[in-house]
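Please open the model in your viewer and keep the sequence panel beside it, since the tour moves from one selection to the next.

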Amino acid sequence: MSGYVIRPHDQMIETEVVRLSLLSPRQLEVVYQVLEGKSSRNIADALQISKRTVDYHIANIYRKLKARNRVELFRSALGAGLIVVKLE
């Protein structure tokens, strides 16, 4: 199955792109770190901010993206095209 790319429905892509556009540049940095599977502590160390600040950013990201957890954040990023899944 090489070369297949999972793409959600166009309307979902549009909705998720609009939601992601609400994020600040710093919040997007946090999103990318979360998508790499890093913990809040690891994100804090990488961005040289406190864990509490990371948690604050994540709470605001969830609110803006209407996500309840990291899995839903991942799905939003996938829907917006930030992540492309290739099946091999």
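Begin by selecting Y32, which is found in helix α2; helices here are DSSP runs of H or I with at least four residues, strands are runs of E with at least two, and both are numbered from the N terminus. Y32 is partly exposed, with a relative accessible area of 41%, where buried means under 20% relative accessible area, exposed over 50% and partly exposed in between, for a 1.4 Å probe and protein chains only. Add A77 to the selection: Y32 and A77 are 45 residues apart in sequence, and their C-alpha atoms are 9.2 Å apart in space.

Before going further, note that this is a predicted model, in which local features need pLDDT of at least 70 and side-chain atom pairs count only at pLDDT 80 or more, while totals for chains, interfaces and linings use all residues. Residues are numbered from 1 along each chain as its sequence is written, and side-chain values use heavy atoms, with hydrogens and water left out.

**The whole chain**

Zoom out and colour by secondary structure, and you should find 5 helices and 2 strands, which run β-α-α-α-α-α-β from the N terminus on. The chain has 88 residues, of which 35% count as buried. Contact means heavy atoms within 4.5 Å, and of the contacts in the chain with a separation of 6 or more, 61% are between residues 24 or more positions apart.

**Helix α2 against helix α3**

Select residues 25-35 for α2 and residues 40-47 for α3, and look at how these helices pack: the angle is about 130 degrees and the axes are 10 Å apart. The axes are lines fitted to C-alpha atoms, for helices over the stretch in contact, and the angles run from 0 to 180 degrees between N-to-C directions. Angles under 35 degrees count as roughly parallel, over 145 as roughly antiparallel, 65 to 115 as roughly perpendicular and the rest as oblique, and α2 and α3 are therefore oblique to each other. Show the side chains of R26, E29, V30, Q33 and V34 in α2, which meet I43, A46 and L47 in α3. By class, this contact of α2 with α3 has 5 nonpolar, 1 polar and 2 charged residues, where Ala, Val, Leu, Ile, Met, Phe, Trp, Tyr, Cys and Pro count as nonpolar, Asp, Glu, Lys and Arg as charged, and the others, Gly among them, as polar.

**Helix α2 against helix α4**

Keep α2 selected and bring in α4, for the axes of these two helices come within 10 Å and cross at roughly 95 degrees; α2 and α4 are therefore roughly perpendicular to each other. On the α2 side the residues to display are R26, Q27, V30, V31 and V34, which meet H57, I58, N60, I61 and K64 in α4. The residues of this contact divide into 5 nonpolar, 3 polar and 2 charged.

Is Q27, within this contact, buried or exposed? At 6% relative accessibility, Q27 counts as buried, and, not counting residues up to four places away in sequence, Q27 touches L22, H57, N60, I61 and K64.

**The nonpolar core**

Which residues have the most contacts inside the largest nonpolar core? Select I61, L65 and L73, which hold that place in a core of 17 residues; such a core is a set of buried Ala, Val, Leu, Ile, Met, Phe, Trp, Tyr and Cys residues joined through side-chain atoms within 4.5 Å. The elements that give two or more residues to this core are α2, α3 and α4 (51-65), and α4 gives the most, with 5 residues. Centre the view on I61, which touches L23, Q27, V30, V31 and L73 when residues up to four places away in sequence are not counted.

From there, move to S76 in helix α5 (residues 70-79), a residue that is buried, with a relative accessible area of 5%. With residues up to four places away in sequence left aside, S76 touches E16 and L65.

**Two loop residues**

Finish with the backbone of two loops. Most residues other than glycine have a negative phi. Q48, in the loop between α3 and α4, has a positive phi of about 55 degrees although it is not a glycine, and at 75% relative accessibility Q48 counts as exposed. K66, in the loop between α4 and α5, is likewise not a glycine and has a positive phi of about 60 degrees; K66 is exposed, with a relative accessible area of 61%.
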